[in-house]
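Work through the exercises below with the sequence and the three-dimensional view at hand. Each task is followed by a solution in steps.

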Amino acid sequence: MQVSLRRRTGFTLVELLVVIAIIGILVGLLLPAVQAAREAARRMQCSNNLKQIGLAAQNYHDAYKTLPWNSESAWDWQNGNNRPKNHPRDHWMTFSWLTGILPYIEQGTIYNRINWNTFGSPLDPTNEPLARTVISTYLCPSNDQPALRDGQWSNYGIARVGTMAGTDYVGNMGHIWGGWKDCGAVPDFPGPANNPNLFVKGSAGTPWVNGDYLNEQVNINGCFRYFGSVRMAAVKDGTSNTILAFEEMHFRGGDQPQFDFGYNDTASWMSPVAAINTVRNPINNRNRAWQQGAGDRRCAGWSSYHTGGAQSVRVDGSVSFVSETIDHVTRYSLGVRNDGLPINDIGN
């Protein structure tokens, strides 16, 4: 009697489960690498955005012989003068400096539609649709906040609240203690040995600036003001040693147990109060003791979703990633345009 033997060609259930398990392990190992690669690409795009903003500011300077104007409320309380002084267009304007550079980032169509003669507000009916326009150059791809942001203050002195498109980049005001930027919970860090009071709130090194007073704008030691502008010649420390603009996610923060990563009420590109900030607060400040309650915009600052730090563009257009562990003296030196302190290049 002849017995016929046939070879088994399929997989057993056990073998199939083993293969599936191996594939699952490989996917688990690869997923972090894929996520890291995606974040690297997002960070690169974020860097490119800052590069474009820096070059746009230089082109603006070539045209107007000054860095871009930021136009806050600009009410001269002392002289009763509610018109800006020495503005290149001699108009009443309460628009951010990011509005002024629109023609230099290929957004001239929006710029040309703006009604510059309205009294004060980006949320004037003629400008509100433009304020809602999302501009990708002003948004970091790593930020998962919505591009359109509700409850936005239009400016500092003439407040209207509405929906506006966001910005994740702000102009550097230097190291000041000023209106809407005065987070008292952040302590006065010790200054260098030869100037221990350099970082004291209200000192010469960290001046108080009232955003409503035109004559106080000269006390700002960065590259942008509440109202007005700074010439590149005033960057005495050198354009490669001074920050022009930096990432800011406008976190609500707060001293509650869970840090609030949502945006605050001044986080839109057309609003002049949202488009500027000081480098006084530490990078990625999430210390609950250095917050002043939920949603306090004054404690927002240089920040990002990138691991370990945030990016900035210097006046010469170079972009660098700055570690959140940077010491306060170096951060001060990068932020202030005329302090005369030597710095080491900490960018990468």
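**Exercise 1: Aromatic rings**

Ring pairs link Phe251, Phe259, Phe261 and Tyr305 into a cluster. This is a predicted model, in which local features need pLDDT of at least 70 and side-chain atom pairs count only at pLDDT 80 or more, while totals for chains, interfaces and linings use all residues. Residues are numbered from 1 along each chain as its sequence is written, and side-chain values use heavy atoms, with hydrogens and water left out.

Task: State how many aromatic pairs the structure holds, and classify the pair Tyr60 and Tyr64.

Solution.
1. Rings of Phe, Tyr and Trp (its six-membered ring) pair if their centres lie within 6.5 Å; planes under 30 degrees apart count as stacked, over 60 as edge-to-face and the rest as tilted.
2. The structure holds 17 aromatic pairs.
3. The ring centres of Tyr60 and Tyr64 are 4.6 Å apart and the planes stand at 45°, so this pair is tilted.
4. Both residues belong to helix α1 (residues 13–64), and because they are four residues apart, about one helical turn separates them. Helices (H or I, at least four residues) and strands (E, at least two) are DSSP runs, numbered from the N terminus.
5. Buried means under 20% relative accessible area, exposed over 50%, and partly exposed in between (1.4 Å probe, protein chains only). Tyr60, at 3% relative accessibility, therefore counts as buried, whereas Tyr64, at 28%, counts as partly exposed.

Task: Classify the pair Phe246 and Trp302, and locate both residues.

Solution.
1. The centres of the Phe246 and Trp302 rings lie 5.3 Å apart with planes at 35°, so the pair is tilted.
2. Phe246 is in strand β8 (residues 243–247) and Trp302 is in the loop between β11 and β12 (309–314). With these positions 56 residues apart, the pair links distant parts of the chain.
3. Both Phe246 and Trp302 are buried.

**Exercise 2: Charges over rings**

Task: Identify the charged residue over Trp177 and the one over Trp153.

Solution.
1. A charge sits over a ring if NZ of Lys or CZ of Arg is within 6 Å of the ring centre and within 35 degrees of the ring normal.
2. Over the face of Trp177 lies Lys201, at 5.3 Å from the ring centre.
3. Over the ring of Trp153 sits the charged end of Arg297, 5.1 Å from the centre.

**Exercise 3: The open sheet**

Task: Give the strand order of the five-stranded open sheet and explain what its edges are.

Solution.
1. Two strands pair if DSSP finds at least two bridges between them.
2. The order is β11-β4-β8-β12-β13, with mixed pairing.
3. β11 (276–277) and β13 (319–323) each have a single partner strand, so one side of each lacks a neighbour in the sheet.
4. β4 (residues 169–172) pairs with β11 in the parallel sense over two bridges; Gly171 has Ile276 of β11 as its bridge partner.

**Exercise 4: The nonpolar cores**

Task: Describe the largest nonpolar core and name the element with the largest share of it.

Solution.
1. A nonpolar core is a set of buried Ala, Val, Leu, Ile, Met, Phe, Trp, Tyr and Cys residues joined through side-chain atoms within 4.5 Å.
2. The largest core has 48 residues; Trp97, Ile101 and Tyr138 are among those with the most contacts inside it.
3. Helix α1 supplies the largest share of this core, six residues.
4. A second, separate core of 10 residues includes Val279, Ile283, Val322 and Leu334.
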